[in-house]
Amino acid sequence: MSKLWGGRFTKTAEEWVDEFGASIGFDQLLVEEDIEGSLAHVKMLGKCGILAEEEVEKITEGLKKILVKAQNGELEYSVQNEDIHLNVEKFLIDEIGPVGGKLHTGRSRNDQVATDMHLYLRKQMEEILSEIKSLQNALVKQGKQHVETLIPGYTHLQRAQPVSFAHHLMAYFWMLERDYNRFADGLKRVNISPLGAGALAGTTFPIDRDYSAELLGFDGIYENSLDAVSDRDFILEFLSGSSILMMHLSRLCEEIILWSSQEFRFIELDDAFATGSSIMPQKKNPDMAELIRGKTGRVYGSLFSLLTILKGLPLAYNKDMQEDKEGMFDTVTTVKGSLKIFTGMIETMTVNTDVMEKATHSDFSNATELADYLASKGMPFREAHEVVGKLVLHCIQKGHFLLDLPFADYKEASSLFEEDIYEMLQPKTVVARRNSAGGTGFAQVQLAIEKAESLLNNK
Ligand code: ARG
């Protein structure tokens with residue numbers, strides 16, 4: 001079969017060589033964007049008097065027919081035509097005859113493929129933004145139920161200080177808020193048109209790049225034609241934003257996996273988001289959380305793959321760049337899928353408030369409170385730390401927690417202690433009193449939830 005670019009060639013490659021070089025196996029995902037870009041391009045060619053009106057009409061009609069076929073899954077792509085761009089052009093020529101060959105006037109596949117990917121990512125990132133928002137909503141909804149639910153707070157995975165469970169969930173809300181803003185900001189650079197940059201140097205035809213950009217809803221055009229066809233920063237930004245987002249999700253996965261273990265029993269996942277074992281009848285595994293944690297790896301992989309592909313490339317287009325697509329597609333699927341599963345998982349999980357609460361009573365995570373108590377009565381904090389440390393050791397030796405240690409023992413440790421320590425040491429009091437801005441005090445958490453809700457309402 002002859003190639004659309006076959007003029008200069010005296011023989012055709014063997015099929016297996018064609019197969020190696022072809023991208024149609026994966027870039028057919030861009031078919032709608034490719035046609036959308038071509039529709040704008042041909043309209044611009046008409047407006048600038050480069051093609052006659054009837055040519056524009058014919059090409060437009062032909063492209064629209066191909067679009068319908070694409071949507072109905074009726075197109076038969078061929079490896080011989082290498083990629084989505086040449087496949088569509090071939091379909092067009094088959095559909096309307098040689099006039100179809102005029103579509104490629106004043107453009108190259110190099111600006112065309114870049115345009116397609118800008119269009120594709122814009123759409124996908126908008127969907128991802130809305131998926132992030134849904135997950136944020138789910139976190140706020142759970143958070144609202146659990147402002148006064150206590151959970152041990154950890155550092156080094158050792159009990160540190162009790163916190164409100166809502167506060168813990170809301171920490172992830174704010175991570176996602178940054179993720180959201182990263183994607184929203186990245187969209188500014190996605191929404192720029194490379195179309196009309198040509199192969200690398202622009203074109204002799206009197207095209208109007210601003211007009212085709214406007215038709216495609218872009219906010220502007222690349223200033224430099226070499227940069228326009230060589231730039232993949234917008235994909236790198238997407239991949240790094242996705243990597244950070246997945247890292248956040250993966251951390252929460254890890255907590256969900258821990259929390260749903262027998263050892264913690266802080267939460268129970270809904271049956272719809274867990275799986276059983278083929279051999280052990282009692283098992284209920286947090287597979288979805290594990291899988292999202294695992295999938296984080298492939299997203300990092302795609303980021304590293306593209307960074308590596310690009311690092312040694314001279315200007316302008318190089319075929320290496322065809323390798324930019326699969327990682328991007330895979331990341332879109334992974335991120336969208338993970339966010340969707342996560343939202344369902346958070347919305348439906350059962351929180352074992354009693355188990356969490358009980359846990360906050362069976363540790364020394366109220367010890368800081370006691371040191372603060374002495375410090376507020378004038379003892380230097382460093383000394384107070386020492387006194388309380390000794391008290392903790394004393395408790396451990398006598399088999400007590402701070403709340404059930406007899407008052408006489410306190411008095412012996414420091415005359416500054418009064419009976420009101422028992423109220424101060426209650427985990428609820430401990431949490432409620434941490435009312436510094438952004439702290440876990442109930443009033444602060446309530447404020448944070450209100451702030452989060454207003455952010456979500458304005459999105
Ligand atoms: N399939 C190619 C890609 O994905 C399209 C651009 C090809 N341009 C070229 N000059 N070979 O990168």
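**Close-up views of a predicted model**

**View 1. Helix α6 makes the largest contribution to the shell around the ligand, with three residues.** This is a predicted model, so please read each view with that in mind. Around the ligand you will find Ser-23, Asp-27, Asp-83, Arg-109, Asn-110, Val-113, Tyr-317, Lys-319, Met-321 and Gln-322. Sorted by character, the shell holds four charged, three polar and three nonpolar residues. Why does the ligand lie between domain 1 and domain 2? Both domain 1 (6–105) and domain 2 (110–152 + 163–358) give residues to its shell, so the ligand lies between them.

**View 2. The domain assignment divides the protein into three parts: domain 1 (6–105), domain 2 (110–152 + 163–358) and domain 3 (364–457).** Note that domain 2 is written as two segments, 110–152 and 163–358. If you zoom in on domain 1 and domain 2, their centres, taken over C-alpha atoms, are 31 Å apart.

**View 3. Where domain 1 meets domain 2, the contact draws 18 residues from domain 1 and 19 residues from domain 2.** On the domain 1 side, α2 (24–27) and α3 (31–47) are the elements that give two or more residues. Helix α3 supplies the largest share of that side, nine residues. The domain 1 side is a mixture of seven nonpolar, six charged and five polar residues.

**View 4. The largest nonpolar core of the model has 92 residues.** Good places to start looking are the residues with the most contacts inside this core: Leu-92, Leu-121, Leu-135, Leu-139, Met-170, Phe-173 and Ile-235. Helix α6 (residues 109–145) provides the largest share of the core, 13 residues. As general background, nonpolar side chains tend to be buried together in soluble globular proteins.

**View 5. Leu-92 has contacts with Ile-59, Gly-62, Leu-63, Ile-66, Gly-100 and Leu-103.** This list leaves out residues up to four places away in sequence. Leu-92 is also one of the residues with the most contacts inside the largest nonpolar core.

**View 6. A second, separate core has nine residues.** Among them are Ala-367, Leu-370, Ala-371 and Val-388.

**View 7. A UniProt feature, "domain: Fumarate lyase N-terminal", is placed at residues 7–301 in an unreviewed entry.** In the model, the C-alpha atoms at the two ends of residues 7–301 lie 39 Å apart. Helix makes up 60% of this span and strand 6%.

Conventions: Residues are numbered from 1 along each chain as its sequence is written. This is a predicted model: local features need pLDDT of at least 70, side-chain atom pairs count only at pLDDT 80 or more; totals for chains, interfaces and linings use all residues. A nonpolar core is a set of buried Ala, Val, Leu, Ile, Met, Phe, Trp, Tyr and Cys residues joined through C-beta atoms within 7 Å. A residue is buried if 20 or more other C-beta atoms lie within 10 Å of its own, exposed if 12 or fewer, and partly exposed in between; C-beta atoms are placed from the backbone. Helices (H or I, at least four residues) and strands (E, at least two) are DSSP runs, numbered from the N terminus. Two residues are in contact if their C-beta atoms, placed from the backbone, lie within 7 Å. Domain bounds come from an automatic or database domain assignment. Ala, Val, Leu, Ile, Met, Phe, Trp, Tyr, Cys and Pro count as nonpolar, Asp, Glu, Lys and Arg as charged, and the others, Gly among them, as polar. A residue is near a molecule or strand if its C-beta atom, placed from the backbone, lies within 6 Å of it. UniProt positions are given in the numbering used here, feature names are shortened, and annotations may be inferred rather than shown by experiment.
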